[in-house]
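Trainee: I would like a close look at one helix in this structure and at the side-chain contacts around the rest of the chain. Please take the helix first and then work outward.

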Amino acid sequence: WKLHVPLTFLKSYLSERFGVELFGVELSESLGQESVEIGTRLWHTATFTDPITSEVFRSGLVGPINAYQKERRKGRRAVLSPTLNEAEVRILDGKVYYPKFLHAKHAAAARAIDCYFYRDRKANGEVSKYQLCLEDPYEAGAMKEVDYGVLVASRENAKSLDSVEDMMPYLDEDSVAPRDKTKSLDSVEDSWWQEVAEDTVMPYLDESDEDFTIVSRTYSDQPTRVDQKLSTLGRIAEIWAETPTNSSASKLTRAKIASSTKGPRDSTENIINWFKRVGHTPSNIEQALAFSQLCNKTLLALAKENAEKVIHSNTSNAECAEIQKEAKSILDKLMSISSQFASTDDSVVNAETLNAYIQCLSRVDVEESAAVAEGLLKRMSGGKDNLPSPNIGTYNAVMKLWSLADGEKGKDGVNGTFSLLQNAAIAREDLCPDREAFQILLAANSKENNHFKYELALAALERTKALSQDLCGEAFIPEADDYNAALKNTATNCLANGDYQPPWFWHGQQYDGGFKAMDDDKKCEALDMEKWLQYAEEMDVSPSEDMYFQVIKAWASTGSLEGLIGGDGALGAEEIAKKAVLQSEGAPNMKMFYPIIAAWSLCGEKLGPDRVKEWIDQISLLGMKPDLDLQVAYFVAAEKWQSKLVTNLLGNNVGLDGSIVEENAEGASSDGDIESLFKAAQYCSRHLKEMSSDENRQDIADLDAFTSMLRYSIKAWSRASDSTLLLPDGSTSLDTTQGVEEMAKVLKCISLTNHSQDSADVDEALVNAAGKVYTEFTSQIRKLDSTMNGHLEDNEKCYFADRVADVESSLRSYEFHSRRLASNEKLLPESNDIRHNLYRETLRGCAGVKSSTDYGHMMRICTLIMDCLSWHHGQTRDHGSSKEAEDVTDMYSDIAMISSTCVKNPYERMNVLRSIYDRASDFFPKKNPHHESNYARVDRAALLGSMRRSLGDSEMTDSFLSSFEEGKQGQRRRSRQRGR
């Protein structure tokens, strides 16, 4: 029946084959309208734009449609009135016009349907012809002129749809016409299609729908060109594989697209998942070659992801291994297809395929991956397993892997692979080392145990020149990139955990804790690099920015003040940076300043914050706008300065989190140092105010940085407030209350209600960011109370109780939006961890409250948290969860112990404990695993132990707790009796 309303049918087709509803394309943007006045009447034609390829389909001349007409209420049928083939038409300038735009839109959809099915059938080697319109369908870009005079004349006798069964995958079971096809048509008003939408697979997209992003216009200014020999899903997979991932814009784009698919947010997963949806098996060599091209593009996209994950040092070993596993699966599939077309002259698997696969090998155990790649290279060279011969890209890919290995083993691997290339180049006329191969060789042989040596670099350069002459018959004239290649250290960094760190952070870890004495070996290496840069200038080569950056990194790696600002024979990182700016023709790359920013941020010196500001201001003057990642340096510098001040105040008696744990032996403290602690906190608030006024602060690309700023600010005020406890009352105007007030102001800098982002993924990122900030606030308030209780006897002041309104409102706001996302099945597993951390810190704060006037507030918050846990349990029970249930016994045990403080009457407390037990029972282990909670679990015995401690040694304790055992036994007896 949907064929009678082609837009409805097209919507189902897009849903099943294109995945368009996943991308959330707004149909009103895909539909165009053109109107013309003919005589006294207004006539309309329409266009439908393919959301994947941007191909345009115009309104067609629709013929009779031989399909079942679905009967609706009151005998009305799901058809247009008049039907499309009965509607009047006018032909003008080769376009079909209808008297109603409604008919024109459906006619454009009909034309698109004809072409889609024609192409899919042809791709599968099938030739059956069927169509809704009288015009012939066509391949993309091959539309021919139509003789509408003949078609209009023969419209009444036009051929009907040949086979409705051909479209069965996109029709309901009751869509196919029965043998006694009904021909009668009932009148339907123009708004009828809105009612039909209720019965379709997805909501109809009309002009009133939300604003979504069209894929072909999101990724680039030009429409993406795809291979028409691929299936539709293959074309989508090809688009994903070709989508860039290295810009902030693309990060936002991918997040928006992925959020609308309700699929994985990680670009690697999106590439893999779309490729896996391509179930089409090539039936001829043309299709096989097109599929081979898709595999190559997918492997290259995975290779880029593989490299990016290691460069950013935020990837788990499992993710790198997953890329290698998926790449192997793609290669195996392609090799299987290749064997089916082995007799043809064209090769389905080529050297580019295997080159891309080598780049997908794991960078974690790089020596093992390099050995595997070298083994594959040798098999290709020997013509084994029907593998293609290697090209220069194959040798370069293997050498690159070896170059990532540490020490002399990596160097030997590069030289060994180049020897294979050298031998192959002598035997093959079509093979010769290119500039990339020489650069990899030069880089490896310019170092000794990964440390640059000037003399080795000179010798390696001379050897490269000789090899170029011998193997390629041409002189090797070094350029800036060649000199830079010798300086680069390609050995991989160790992988870190998934916590956010700004990209500059890794360039200054040697300064963490203060300036160090300059190491002689590092000094020698930096001097050698500086000498190499000067040598390039003597050879009339202008050093590139990257060369300056390598020398800046070398001086910064010394961890010394002299390496940073110069002295003791060192020119210093700052002077090299200034020289680079003078030599630069335009604004230099911001990355060049990362080592200097990192050094001043992490050194913990009083000058640190001011020097960071000076350098960032200078970067702005150079015409570059510092992003939020760079401006996190303000807050890191303040935090490190505070840590050093606290260490000076208390010696080494500082908690792991930076909080004060006790006074030093002399009991000495400095008013000046404490004032400096507050000055550092004020420095954070001042910059945070500037950041908060930036209209782009909550873009998904900057949200992690902004969240980090908020958390640093809260901790800065907490540390400053902590320090006032060392001073006698009245000795300073600074007090803890001031710090707590400032922490509350920081809390309000992140909002879950007043933001302008349309993307659901941004919503989730923002909710998670708010959860982290709320947790930090609650945690620091609790730690202040804990520190104060440790320093002051009979202390009754409780800042957690004073700010309970902020704590509760934050918790309720976070929970509201968290539930909204969970109800839409949008929540990622990591959101559970953030939520539970907030619950736990809130309960710990409640446990520290001692004033009876606040007990009611604490129990209300406890009840709220139990309600939240129960709600999320119900949500995962309805929708399922792939994550292992988390143990939340500690939360219910904490609530049981809080009740012992807040509920003094033992009878009331027993009622509270019974309620806690009943709520926790949803999470108890069950005999039938299918009945257990997917969300969380609670250890029943541990909870009963906490309930016992809550009641104490009361004579009612045993009888009360035994009732739970009796209740359980009674349930068992009743179950056995029902079984009989």
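Mentor: What follows starts with helix α25 and then goes through salt bridges, aromatic rings and cysteines. The model is a predicted one.

Helix α25 covers residues 607-621, which makes 15 residues. From its first C-alpha to its last it reaches 21 Å, close to the 21 Å expected at 1.5 Å a residue. The buried residues in α25 are G608, P609, V612, W615, I616 and I619. Viewed down the axis of α25, these buried residues fall within an arc of 130°, so they line one face of the helix. L607 and L621, on the other side of α25, are exposed. Just after the helix comes G623, which takes a positive phi of about 95°.

Helix α25 also takes part in a salt bridge. The side chain of R611 meets that of E574 at 2.8 Å, N to O. R611 is in α25 and E574 is in helix α23 (residues 573-583), so this contact links distant parts of the chain, 37 residues apart. E574 counts as buried because its relative accessibility is 4%, and the cut-off for buried is under 20%.

That contact belongs to a longer list, since the count of salt bridges comes to 38. Another of them joins E88 to R41, at 3.3 Å from N to O. E88 lies in the loop between β3 (56-58) and β4 (90-92), while R41 lies in strand β2 (residues 41-49), so the pair ties together parts that are 47 residues apart in sequence. Both ends are partly exposed: E88 has a relative accessibility of 39%, and R41 has a relative accessible area of 35%.

D512 and K640 form a further salt bridge, with their closest N and O atoms 3.0 Å apart. Here the loop between α19 (480-487) and α20 supplies D512 and helix α26 (residues 628-650) supplies K640, so parts that are 128 residues apart in sequence are tied together. D512 counts as partly exposed, at 35% relative accessibility. Salt bridges can also share partners, and in this way E741, K748, R803 and D806 are joined into one network.

Aromatic rings are the next kind of contact. The count comes to 22 aromatic pairs. One of them is formed by Y454 and Y535, an edge-to-face pair with 6.3 Å centre to centre and 80° between the planes. Y454 is in helix α18 (residues 454-472) and Y535 is in helix α20 (residues 520-538), so the pair links distant parts of the chain, 81 residues apart. Both Y454 and Y535 are buried. They also belong to a cluster in which ring pairs link F452, Y454, Y483, W532 and Y535.

F960 and F964 form another edge-to-face pair, with 5.1 Å centre to centre and 90° between the planes. Both lie in helix α38 (residues 957-979), four residues apart, about one turn of the helix. F960 is buried, with a relative accessible area of 6%, and F964 is buried as well, at 5% relative accessibility. A ring can also meet a charge: the charged end of R435 sits over the ring of F476, 4.5 Å from its centre.

The cysteines come last. A disulfide is a covalent bond between the sulfur atoms of two cysteines. The count here comes to one disulfide. C432 is joined to C472, with 2.5 Å from S to S. C432 sits in the loop between α16 (407-427) and α17 (435-445), C472 sits in helix α18, and the pair links these distant parts of the chain, 40 residues apart. C432 counts as partly exposed, at 28% relative accessibility.

C133 is a contrasting case. The cysteine sulfur closest to that of C133 is in C115, 8.4 Å away, which is too far for a bond, because a disulfide needs sulfur atoms within 2.5 Å. C133 counts as buried, at 1% relative accessibility. C749 counts as partly exposed, at 22% relative accessibility.

Technical notes. Residues numbered from 1 in each chain as written. Predicted model: local features only at pLDDT ≥ 70, side-chain atom pairs only at ≥ 80, totals over all residues. Heavy atoms only, no water. Phe/Tyr/Trp six-rings, centres within 6.5 Å; stacked < 30°, edge-to-face > 60°. Helix = DSSP H or I, 4+ residues; strand = E, 2+ residues; numbered from the N terminus. Buried < 20%, exposed > 50% of the residue type's maximum accessible area, 1.4 Å probe, protein only. Lys NZ or Arg CZ within 6 Å of the ring centre and 35° of its normal. Expected span 1.5 Å × (residues − 1). Arc of directions from axis to C-beta. Salt bridge = Lys/Arg side-chain N within 4 Å of Asp/Glu carboxyl O.
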